[in-house]
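Hi everyone, thanks for coming. Could you pull up the structure on your screens so we can walk through it together?

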Amino acid sequence: MRTRASDPGGVLIVGPDSDGQDELRETLTAGRADTVSAVDSASAAGAFVDSAPGLGCLVVRDAGHVTPCLDAVRTIDEQLPVIASVPDDNRVATAVAGDGNARYVPSSADPGTLRSIVDDALDAYAARIRHVEQSDLFETLCEDMGITVFVLDEEGRYRYRTPADLWPHAGDPIGKTPIEFMDDVYHERATQAHRENRHVIESGEPIRCQDVCYRTEDREFWVETTKVPWRDENGEVRGLVGIAVDVTERKHDQQELRQHRERVDRFAKYITHDLRTPLQIAFGALDRVRRGDEDAIEKIEAAHDHMESIVADLGVLSNASLQPSVGEGDTGAPSTPLVPLVEEIWPLVAGDDATLHVDVPEGATLIAETDVIHLVLENLLRNAVQHAGEDVTVRVGLVENGFYVEDDGPGIPPSERAAVTAAGYTTADTGSGVGLRIVSEALSQRDWELTITDARGLDPADTQGTRFEIIGCTMVDRLPSLTPGDGIALDAADDIGHAQTPGSASYDEEIDEWTITGAGDNLWGNTNESHFVYATTDTPVRIQARLLSFDPLADYSKVGLMVRDSLAEDSPYTFLGQSGNGESEVIWRSSPGRRGLKHPYPEPLDAFPWYRLDCVDGEITGYVSTDGQQWDPVSQRPIELAGQIHVGLTICSLDRTELATARLGDVRVFELNESNQ
């Protein structure tokens, strides 16, 4: 549509120049028109319309120009008023009758009548422009703010809804009830919504600020809805008007705030409970010292040491969720080599009679803050020594997706395992019960899991002992030395899954930059839909790239690197990249058809633009970097790969019809030379 002024007042006369044209100009400018121009042909009229935003009406004064003029103008502006002021002509009448914004006025009509008709046409056209502008502004505001406004009739059927769509998978609602247009995944909620709509319409009672949680297989989101009766001028209810707002982020913030408050409460309880016993011991020993018992000084020192240890643990725990700042050349990805840390802690908690076995590869690294891992290991190792005796044997090793600490002590009965992290639980004479509780809290903050089982690695014939397994932490247990070999070109592109709008990928060789677009419902859980530009190759292989820009549709739109076994939607894969909210994340499916899992990395890991995946021996290791030179590992997962693999760039918008866009530079795919291993 052409650019139009908000209050157009220009008139264009179309037809041969005539003696009465100057008189007509004076007549029209005496009314609503502010300018009057003239052209002598339909083609000239079309060019004029296209270049004159202030034009608000055409007056055609020659019968032979009416139909050509309508044809020329309507390709540019369907709403511009056209007035045919010509002698009686059936062909003109027919042409005008078929156009909703044209009108026939006999040339015999007096000038005042024509001016009145032109004035009305200008007013009506200006009103239409204002309506369109207001509608566009309103819908743009709603869309940008994530607000949906809707109107339902007396039967609970949608008459209007703004474009912003809070419910993925839902169809076109106009003329339908929620039950009729919402996907089966929302059927239960749609039924409830229809009942609520009927209640508002029939009772005239509004529903205000109602928070509703919607859950699908791979997503949870919250919508706040207000519905009020829609009444006519007589006060009769004609339906309802509603507004719906996505409040998922607010709900998450509230949940996080609630967790922080609970943590503060727990810290207060830790301090009042765990410091009480050593304080009582110190006060009692101090009274004995006053009575001359100097041996009691040792008890005071021991109590002070105990309190210092508790305070130190609580200090680490209280700051455990804080990420380190990111400096130049630093990705901010915390990593902790496991073997050196275990060997550093062991002499601090165990005597000469205790034995330690570390069944961990030398290069095994936990992607976590060293202070937190130190706190967890020190308390688990100290717990083993305190409860199993000074001659205890302790083993530290790896399990799938985590590590364990186990001892050969008396064990913990299954009936008591749920209570070992409770306040004050201890079976040792020297224990306070705080250590395992601090371990549990530290793991909970990271969504890691603490599992307590029987020991099984020390002596297969001996079932005594306890194993503590920490599950859910990211572990990199080997980083082979690999040399990049021949380069591999990304030479194919496909849409994975059921995206309704095809994606695209283009490469600009001059600036070494890829631009990719893609739709897709999600890249997580049981859903695997995206646009994928890739190469098919053998392993070992490496892909790396720098993310230049990302224009997502939603917080969980995704762009990044992918290695996958096949192009089938249920294929095993690993993804490393960025989501629409700025966080980096690793997503993986370890075997065909399994649910895709993910591990997000919140700030400051969004501070780097570089990503890398190395695929070696069925294991895919992910790295991040700030400069493309120094790489820090952030993930390592075994993936079932049957033969040749597909490696490349992928993008998912979180919508099957709308596209997200991203630009990536320095994209490199290499064969890897393992000669240095």
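I'll talk about confidence, then a pair of helices, then a small sheet.

Okay, so keep in mind that this is a predicted model. Across the chain the pLDDT averages 83, and 85% of the residues score at least 70. But have a look at residues 320-331, where pLDDT stays under 50. The model does give that stretch 30 contacts beyond four places in sequence. Residues 423-433 are also below 50, with 21 contacts beyond near neighbours in sequence. Where pLDDT is low, the predicted coordinates shouldn't be read in detail, so let's not dwell there.

Right, helices. Two packed helices are described by the angle between their axes and the distance between those axes. Here, helix 3, residues 63-74, packs with helix 4, residues 90-97, at an angle of about 25°, and the axes are 9 Å apart. Angles under 35 degrees count as roughly parallel, so helix 3 and helix 4 are roughly parallel to each other. Their crossing is left-handed. Which residues of helix 3 and helix 4 make the contact? From helix 3 we've got Ala63, Val66, Thr67 and Leu70, and from helix 4, Val92, Ala95 and Val96. By class, that's 6 nonpolar, 1 polar and no charged residues.

Last stop, the sheet. It's an open one with 3 strands in the order 11-13-18, paired antiparallel. Strand 11 (336-337) and strand 18 (475-476) are at the edges, each with a single partner strand, so one side of each has no neighbour in the sheet. Strand 11 pairs with strand 13, residues 365-366, over 2 bridges, and Thr336 has Leu366 in strand 13 as its bridge partner.

Technical notes. Residues numbered from 1 in each chain as written. Predicted model: local features only at pLDDT ≥ 70, side-chain atom pairs only at ≥ 80, totals over all residues. Heavy atoms only, no water. Axes fitted to C-alpha atoms, helices over the stretch in contact; angles between N-to-C directions. Helix = DSSP H or I, 4+ residues; strand = E, 2+ residues; numbered from the N terminus. Parallel < 35°, antiparallel > 145°, perpendicular 65-115°, else oblique. Left-handed = near helix turned anticlockwise from the far one by under 90°. Contact = heavy atoms within 4.5 Å. Nonpolar A, V, L, I, M, F, W, Y, C, P; charged D, E, K, R; others polar. Pairing = 2+ DSSP bridges. pLDDT = per-residue confidence, 0-100.
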